[in-house]
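Work through the exercises below with the structure open beside you. Try each task before reading its solution.

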Amino acid sequence: MTPERQLDERFGQDEKLSALSETATSLGYEIVDIAGFLDEIDAISVTQRTTLNHVQGKADHVITANGGVRQAVQTVAEKTSQTLEAIEGSVEHVRRAGKRSQEVATWVAALTERMEAVSQTLNAVEKNNTEIARIASQVNILAINAKIEASRAGDAGRGFAVVANAINELSRQTSNAAESTSQNVSKLSDWIGTLYTESARISGEARSVIDEGQETDAALIRVAESARETDREAAHISDDAEKVNDATNSFGPALTQIGESVDQTASGIRDARERVHSLIDMGEQILQSSVALGGSTADAPMIDRIMADASRVGSLFSDGIQTGRIRSDALFSRDYRPIPNTDPEQFTAPFNGFADRVLPEVQEAMLTFDTRVVFCAAVNLDGYLGTHNLKFSQEPGPDPEWNQANCRNRRLFNDRVGLKAGMNTGPFLLQVYRRDMGGGSFVMMKDLSAPIFVDGRHWGGLRVGYKF
């Protein structure tokens, strides 16, 4: 094979490797985008499962409570029925008593009328008795005159004188009887008058009793009807409670089926996530391998720069140990102390002060290397990012969403991308990920990192995030 032919084949292989690298990058973008979507769905499914568990718990409470309500409603219905029977019996009893009271009141009213008739009769008797007394008096006068005339007649008038004496005695007795009768009639009239006055008052009250009795009777009818209506409503409520009981009893199986469906869906989503994340790893491996074999990508200048800067950071750290500005145990410390009142939570580490002094000259310069660069920061093996770019190192405030976007230093980014960037020992690692900017906002970015070695010891990696 001629050298020209070998060169052509080599050039063709490089083109294919470069195309493979670009395809791997594009594939990584799509897979990560899908993975992000699955992450969101998985988070939603977890929330749904939690909500469903809450709903199931509440449904159980509803079922239990409805059982108590159902029992209470049945008891109320029974008590209402019993109360209705008692009310109807009481109403009938009261109505009978009311009827008797009305009869008595009617009799009292009639008695007043009879009293008035008796009073009128007594008045007539008194008048007649007065007339009898007047006649008796006249008869007495006539008898006296007859006696006088009999005396004048002598023996001839002696028999007439006896008759006159008898008539005189009779008139006297009649007068006395009339007087006694008048006295008795007068007393009886007084009594009848008093009785009439009392009966008139009672008669007025009797009329009130009659009127009130009619109103009471109407009220009792309304009470009985209201009780009957309550009894009917209680029966309806009892029927509705049975329907609710049937419905609530169906909650449990239905919610269980929904829960099983959600669990199956969530399980499928988790499996899909795991498989997609495996695809991400495979895509990254394809990209790493194609570049290692000589393929070239649009990221080549960025790869060269991050590898050089990572080596430079390693030298700066090594120099710091040698000059005594930082102890080795402090530089490699993994002792993180939470910073109070920070959201998202921030931490301090023993090497923060030293890193804040030496890293900005490397990290800030990277921001001007390419317009696509968003950030550049060093992370250790745990994904701890102590020193960030100055624009992402603001003082935290009360708003977690603002802090998420602007206070990204002193944070543990121990997600898949952050951990892999810190733990990778290959020449470089190119990842595609969705960067959480806070407030539910995500940006698709490339994350390129190179390992940081300090005197041959792996400290972490230098990350650069840039847009597509």
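**Exercise 1. Size up the model.**
Task: How much accessible surface does the protein have, and what share of it belongs to carbon and sulfur atoms?

Solution.
- Step 1. The accessible surface is about 26600 Å². Carbon and sulfur atoms hold 56% of this surface.
- Step 2. Turn to burial. The protein has 468 residues, and 35% of them count as buried.
- Step 3. Add the secondary structure. There are 8 helices and 8 strands.
- Step 4. Check sequence range. Take the contacts with a separation of 6 or more: 71% of them come from residues 24 or more positions apart.

**Exercise 2. Decide where to trust it.**
Task: What is the mean pLDDT, and which stretch falls below 50?

Solution.
- Step 1. This is a predicted model. Its mean pLDDT is 78, and 66% of the residues reach 70 or more.
- Step 2. Residues 3–11 have a pLDDT below 50. Beyond near neighbours in sequence, this stretch makes 3 contacts in the model.
- Step 3. Where pLDDT is low, predicted coordinates should not be read in detail.

**Exercise 3. Trace the strand pairing.**
Task: In which sense do β7 and β8 pair, and over how many bridges?

Solution.
- Step 1. Locate the strands. β7 spans residues 441–454, and β8 spans residues 457–467.
- Step 2. Their pairing is antiparallel, over 10 bridges. As one check, M445 has K467 as its bridge partner in β8.
- Step 3. Look at the connection. The two strands form a hairpin with 2 residues between them. D455, in the turn, has a positive phi of about 55°.
- Step 4. Now find another partner of β8. β3 pairs with β8 in the antiparallel sense over 7 bridges. Here C376 has V464 as its bridge partner.
- Step 5. Compare cover with the sequence. In β7, 10 of 14 residues are buried. In β3, 8 of 8 are buried.

**Exercise 4. Map the nonpolar cores.**
Task: Which residues touch the most other members of the largest nonpolar core?

Solution.
- Step 1. The largest nonpolar core has 36 residues. F317, L331, L448, I452, W459 and L462 touch the most other members.
- Step 2. List the suppliers. α3, α4, α5, α6, β3, β7 and β8 each give at least two residues to this core. α3 gives the most, with 7 residues.
- Step 3. Zoom in on L448. Beyond four places in sequence, its contacts include M302, I303 and I306. F428, L429 and L430 are also among the residues that L448 touches, as are L462 and V464.
- Step 4. Another core, of 6 residues, lies apart from the largest one. Among its members are V374, F375, F392 and V417.

**Exercise 5. Find the covered side of a helix.**
Task: Which residues of α8 are buried, and why do they lie on the same side?

Solution.
- Step 1. α8 runs over residues 416–423. Its buried residues are V417, G418, A421 and G422.
- Step 2. These residues cover an arc of only 125° around the axis, so they sit on the same side of α8.

**Exercise 6. Compare two positive phi angles.**
Task: N341 and R410: buried or exposed?

Solution.
- Step 1. N341 is in the loop between β1 and β2. Its phi is positive, about 60°, although N341 is not a glycine.
- Step 2. N341 has 82% relative accessibility, so it counts as exposed.
- Step 3. R410 sits in the loop between α7 and β5. Its phi is near 55°, also positive in a non-glycine residue.
- Step 4. R410 has a relative accessible area of 16%; the cut-off for buried is under 20%, so R410 is buried.
- Step 5. Inspect the surroundings of R410. Leaving aside neighbours within four places in sequence, its contacts include E345, F347, D356 and Y384.
- Step 6. Return to the loop between β1 and β2, where P344 is found. A cis peptide bond joins D343 and P344, with omega about 0°.

**Exercise 7. Check one helix position.**
Task: Where is I258, and how far is its C-alpha atom from that of R49?

Solution.
- Step 1. I258 is in helix α2, residues 158–292.
- Step 2. I258 has 44% relative accessibility, so it counts as partly exposed.
- Step 3. I258 and R49 are 209 residues apart along the chain. Their C-alpha atoms are separated by 9.6 Å.

Notes: Residues are numbered from 1 along each chain as its sequence is written. This is a predicted model: local features need pLDDT of at least 70, side-chain atom pairs count only at pLDDT 80 or more; totals for chains, interfaces and linings use all residues. Side-chain values use heavy atoms; hydrogens and water are left out. Buried means under 20% relative accessible area, exposed over 50%, partly exposed in between (1.4 Å probe, protein chains only). Helices (H or I, at least four residues) and strands (E, at least two) are DSSP runs, numbered from the N terminus. The arc is that of the directions from the helix axis to the C-beta atoms. Two strands pair if DSSP finds at least two bridges between them. Contact means heavy atoms within 4.5 Å. Accessible areas come from the Shrake-Rupley method with a 1.4 Å probe; for residues, only the protein chains shown count as cover. A nonpolar core is a set of buried Ala, Val, Leu, Ile, Met, Phe, Trp, Tyr and Cys residues joined through side-chain atoms within 4.5 Å. pLDDT is the predictor's confidence in each residue, from 0 to 100.
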